[in-house]
Amino acid sequence: MNRKPIFAANWKMNKGAVETEDFVKSFLSKIQGQNFAAEIVIAPPFIALPKLADLLHTATAVQNAHAIQIGAQNCSEYDSGAYTGEISVLMLREFFVHYVILGHSERRSIFGETDASINAKLKKAREANLKPIFCIGETLAEREGGKLESVLRTQVTEGLKDISEKDLAETVIAYEPVWAIGTGVTATSQQAQDAHAFVRSLIAELYGADAAGKIRIQYGGSVKPGNAAELMACPDIDGALIGGAALEPQSFLDIIRNGTVQAQ
Ligand code: PGA
């Protein structure tokens, strides 16, 4: 199955507009003249989206700008109104946002997001034609307690509840074991492959083999230039969602480069 790998930088609460501009200019100059058989996404904090849109989509956009897609790190499940602090999908569309990260484990554990609220956001994102990067993953206690598969099953089934096959086709899943996020501990390629294969089998159960074969499943959790090749060589891993190692242009680029060669 020919699935185009997707490498997405999740900057979390790092980089405002000034640092975003520095990063993007440096990154674009580094990829000048190169073509990657991969999609590249940058998801900065909301406040830096106008700058990113300006850099990548205005008449004066720098060369190679088309190589990068814009992502957001969250969206509201509501359209508009009295929701202090929220950002709607239509507001994101104004800044050429294509992807939106939903259900990240930090959103789940620190901000109390549930499978139901993530499902509502997924639907709202699809209404505005945004492509969700739908994050799932188990904690260490859940893995050690033998609950890996039941946790993933619940997250996938509840998160994708009433999502049509057409909308699933525009969705990317990110498998991120919580114990590997920001810890420097990466899942072994075997652990990652096993979890990805299981998630793909869940998609086959819910949507059929064709949809399962087409959906892209990224790995996330301490991906670095040094482990990208091995992880991306796994048959069910189709790219990466990268936090810490995507804060520096050369490191993000090295991950894409090392990972893309392997994913061919
Ligand atoms: P990390 O974060 O690469 O810093 O582990 C990944 C993520 O949270 O998406």
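A disulfide is a pair of cysteine sulfur atoms within 2.5 Å. The model is predicted: local features need pLDDT of at least 70, side-chain atom pairs count only at pLDDT 80 or more, and totals for chains, interfaces and linings use all residues. Residues are numbered from 1 along each chain as its sequence is written, and side-chain values use heavy atoms, with hydrogens and water left out.

**Exercise 1. Cysteines**

Task: find how many disulfides the rule gives, and explain the result for Cys75 and Cys234.

Solution.
- Step 1. Recall the chemistry: a disulfide covalently joins the sulfur atoms of two cysteines.
- Step 2. Take Cys75. Its closest cysteine sulfur belongs to Cys135, 12 Å away, so the gap is too far for a bond.
- Step 3. Take Cys234. Here the closest cysteine sulfur is again that of Cys135, at 19 Å, which is too far for a bond.
- Step 4. Apply the rule. The count is zero disulfides.
- Step 5. Check accessibility (buried is under 20% relative accessible area, exposed over 50%, partly exposed in between, with a 1.4 Å probe and protein chains only). Cys75 is buried at 2%. Cys234 is buried at 11%.

**Exercise 2. Positive phi**

Task: locate Lys12 and Lys15, state the phi of each, and classify their accessibility.

Solution.
- Step 1. Set the background: most residues other than glycine have a negative phi.
- Step 2. Read the angles. Lys12 has a positive phi of about 55°. Lys15 has a positive phi near 75°. Neither residue is a glycine.
- Step 3. Place them. Lys12 sits in the loop between β1 (6–10) and α1 (17–30). Lys15 is also in the loop between β1 and α1. Helices (H or I, at least four residues) and strands (E, at least two) are DSSP runs, numbered from the N terminus.
- Step 4. Classify. Lys12 is partly exposed, at 22% relative accessible area. Lys15 is buried, at 14%.

**Exercise 3. Helix packing**

Task: describe how α5 packs on α7, by angle, axis distance and contact residues.

Solution.
- Step 1. Get the geometry. α5 (residues 115–127) and α7 (residues 148–159) pack at about 40°, with axes 8 Å apart. Axes are lines fitted to C-alpha atoms, for helices over the stretch in contact, and angles run from 0 to 180 degrees between N-to-C directions.
- Step 2. Name the arrangement. α5 is therefore oblique to α7. The cut-offs: under 35 degrees is roughly parallel, over 145 roughly antiparallel, 65 to 115 roughly perpendicular, and the rest oblique.
- Step 3. List the contact (heavy atoms within 4.5 Å). α5 supplies Asp115, Asn119 and Leu122, while α7 supplies Thr154, Gln155, Glu158 and Gly159.
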